Amino acid sequence: MENWIEWVGFVAGICTTGCYIPQVLLALKTRSLKDLSIWMIVLLFIGVAAWAVYGALINSSSMVIFNTLTTFLVGIVLWVKISSEYLPQKA
C-alpha cells in the first residue's frame, strides 16, 4: 500500500464486508430470508461484483479484495433465498 487513500479503502472494506457476515451466518442457520427482497439481493450482488471489476480497472486492491469477498457473501445469501423459497423442496 503506497498511500493513505488505499488504507481508507481497506478500513471501509473491512466495515462494509464485515457487516454482512452476521446476515450470512443467520441465513445459513435458519434457511429463512422471507423478509429480504430477492431483487435487493440480486441488485446488491450485481453492484458489488461491478465494484470489484471497477476496482480492478483502476488498480485498487482494497476495492477488488473486499468487493470480491462481499460478492461471495451476497452470493451465499442469494443461493439460500433461491433454494429455500423458489426451488422445490425435497420430501
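On the surface of this predicted model, a nonpolar patch is formed by Trp51, Val53, Tyr54, Leu57 and Ile58, which together offer about 550 Å² of accessible area. Of these residues, tyrosine 54 belongs to helix α3, which covers residues 38–57, and with a relative accessible area of 39% tyrosine 54 counts as partly exposed. Tryptophan 51 is likewise classed as partly exposed, because its relative accessibility is 46% and the partly exposed class lies between the limits of 20% and 50%.

Aromatic contacts add a further layer to this picture, for the structure holds two aromatic pairs. One of them joins phenylalanine 10 and phenylalanine 66 in an edge-to-face arrangement, with 5.5 Å from centre to centre and 85° between the planes. This pair links distant parts of the chain, since phenylalanine 10 sits in helix α1 (residues 4–18) and phenylalanine 66 in helix α4 (residues 61–85), 56 residues apart. Phenylalanine 10 has a relative accessibility of 16% and therefore counts as buried, and phenylalanine 66, at 13%, is buried as well, because the buried class takes in residues under 20% relative accessible area.

The rings of tryptophan 51 and tyrosine 54 also form a pair, with centres 5.5 Å apart and planes at 85°, so this pair is edge-to-face. Why are tryptophan 51 and tyrosine 54 separated by about one helical turn? They are three residues apart in helix α3, which means a separation of about one turn along that helix. Tryptophan 51 and tyrosine 54 both belong to the nonpolar surface patch, whereas phenylalanine 10 and phenylalanine 66 are buried.

Note on methods: Residues numbered from 1 in each chain as written. Predicted model: local features only at pLDDT ≥ 70, side-chain atom pairs only at ≥ 80, totals over all residues. Heavy atoms only, no water. Patch = residues over 30% accessible without salt bridge, like charges linked within 9 Å, V, L, I, M, F, W, Y side chains within 5 Å. Areas by Shrake-Rupley, 256 points an atom, 1.4 Å probe, with all protein chains shown as cover. Salt bridge = Lys/Arg side-chain N within 4 Å of Asp/Glu carboxyl O. Helix = DSSP H or I, 4+ residues; strand = E, 2+ residues; numbered from the N terminus. Phe/Tyr/Trp six-rings, centres within 6.5 Å; stacked < 30°, edge-to-face > 60°. Buried < 20%, exposed > 50% of the residue type's maximum accessible area, 1.4 Å probe, protein only.
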